[in-house]
Amino acid sequence: MRFLSHAWSVVGLACVAACTPPSSPPPSPPPGASSVPNAGALTGTARVTTPSGIIFESVQNGTGPSPKATDTVKVHYRGTFPDGREFDSSYKRGEPTSFPLNRVIPCWTEAVQLMKPGGKARITCPPQLAYGERGAGGVIPPNATLMFDIELISIGG
């Protein structure tokens, strides 16, 4: 049985798990989201570690503006554990997913803001910026480091 239905991918679960209560204002971008040295110059396979600890590797440059934390983005992605075991993939479902960037795990909120539409990146999320001590859905254990290959298709849906 698939970990999550077509409509609820791990990113959707991340949305639910990372959402603030409806009465709370949206979270601020994580510290360092806009302070990655030379983020605007990422080309080819440039690799940086953000101040928060995300390893961001640009695989393919995109063009245009980068999304803001308050934007909705459309992405294709593949999520794996460091040993290569895949836990979710929009590619396998054959359909990209869209979500408000400030309603997913902090790692995604920060890293996708470093991308531009058409860009592809590989990110490594430390546990505290992923699902932390709680894990997710019985598939992602507590304190798991997660890796994602992300393709930013568009901003705004």
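This is a walk through a predicted model, starting in its nonpolar core and moving out to its charged pairs, a hairpin and a short helix.

Let's begin inside. The largest nonpolar core has 31 residues, and the members that touch the most others are Trp-108, Ile-123, Leu-146, Phe-148 and Ile-150. Several elements feed this core: β3 (72-80), α3 (106-112), β6 (120-125) and β7 (146-155) each contribute at least two residues. If you pick out Leu-146 in your viewer, you can trace its contacts beyond the four nearest places in sequence. They include Thr-80 and Phe-81, then Phe-87, as well as Ile-123, Thr-124 and Cys-125, and also Ala-130, Tyr-131 and Ile-140.

One step along the chain from there, have a look at Met-147, which sits in strand β7. Is Met-147 buried or partly exposed? Its relative accessibility is 22%, so Met-147 counts as partly exposed, the cut-off for buried being under 20%. Met-147 brings distant parts of the sequence into view: its C-alpha atom is 6.0 Å from that of Phe-81, although 66 residues separate the two along the chain. Setting aside residues up to four places away, Met-147 touches a run of residues from Arg-78 through Gly-79, Thr-80 and Phe-81 to Pro-82, together with Ile-123 and Thr-124.

Now for the charges. Side chains of opposite charge can pair when their charged atoms come close. The structure holds seven salt bridges, and Arg-122 is a good place to start. Which residues does Arg-122 join in one network of salt bridges? With Glu-57, Arg-122 forms a salt bridge whose closest N and O atoms lie 4.0 Å apart. Because Arg-122 belongs to strand β6 and Glu-57 to strand β2 (residues 55-60), this pair ties together parts that are 65 residues apart in sequence. Arg-122 also forms a salt bridge with Asp-149, and here the closest N and O atoms are 2.7 Å apart. Asp-149 lies in strand β7, so this second pair links β6 to a part of the chain 27 residues away in sequence. Through these shared partners, Glu-57, Arg-122 and Asp-149 form one network.

The three residues can also be placed by their accessibility. Glu-57 counts as buried at 18% relative accessibility, whereas Arg-122 at 34% counts as partly exposed, and Asp-149 at 22% counts as partly exposed too. Elsewhere, Asp-71 and Lys-68 meet through their side chains in a salt bridge, with an N to O distance of 3.9 Å. Asp-71, at 17% relative accessibility, counts as buried.

From here, turn to the hairpin. Strand β3 runs antiparallel to strand β4 (residues 86-89), and three bridges join the two. Gly-79 has Asp-88 in β4 as its bridge partner. Five residues lie between the strands of this hairpin, and in it Gly-84 takes a positive phi near 95°.

The last stop is helix α2 (residues 90-93), where Ser-90 is found. How buried or exposed is Ser-90? With a relative accessible area of 0%, Ser-90 is buried. Its side chain nonetheless has a polar partner: Ser-90 makes a polar contact with the side chain of His-76 at 2.7 Å. Apart from neighbours within four places in sequence, Ser-90 is in contact with Val-75, His-76 and Tyr-77, and also with Glu-95 and Pro-96.

Technical notes. Residues are numbered from 1 along each chain as its sequence is written. This is a predicted model: local features need pLDDT of at least 70, side-chain atom pairs count only at pLDDT 80 or more; totals for chains, interfaces and linings use all residues. Side-chain values use heavy atoms; hydrogens and water are left out. A nonpolar core is a set of buried Ala, Val, Leu, Ile, Met, Phe, Trp, Tyr and Cys residues joined through side-chain atoms within 4.5 Å. Buried means under 20% relative accessible area, exposed over 50%, partly exposed in between (1.4 Å probe, protein chains only). Contact means heavy atoms within 4.5 Å. Two strands pair if DSSP finds at least two bridges between them. A polar contact is a pair of N or O atoms within 3.5 Å; within protein, one must be able to donate a hydrogen and the other to accept it, and residues adjacent in sequence count only if both atoms are side-chain atoms.
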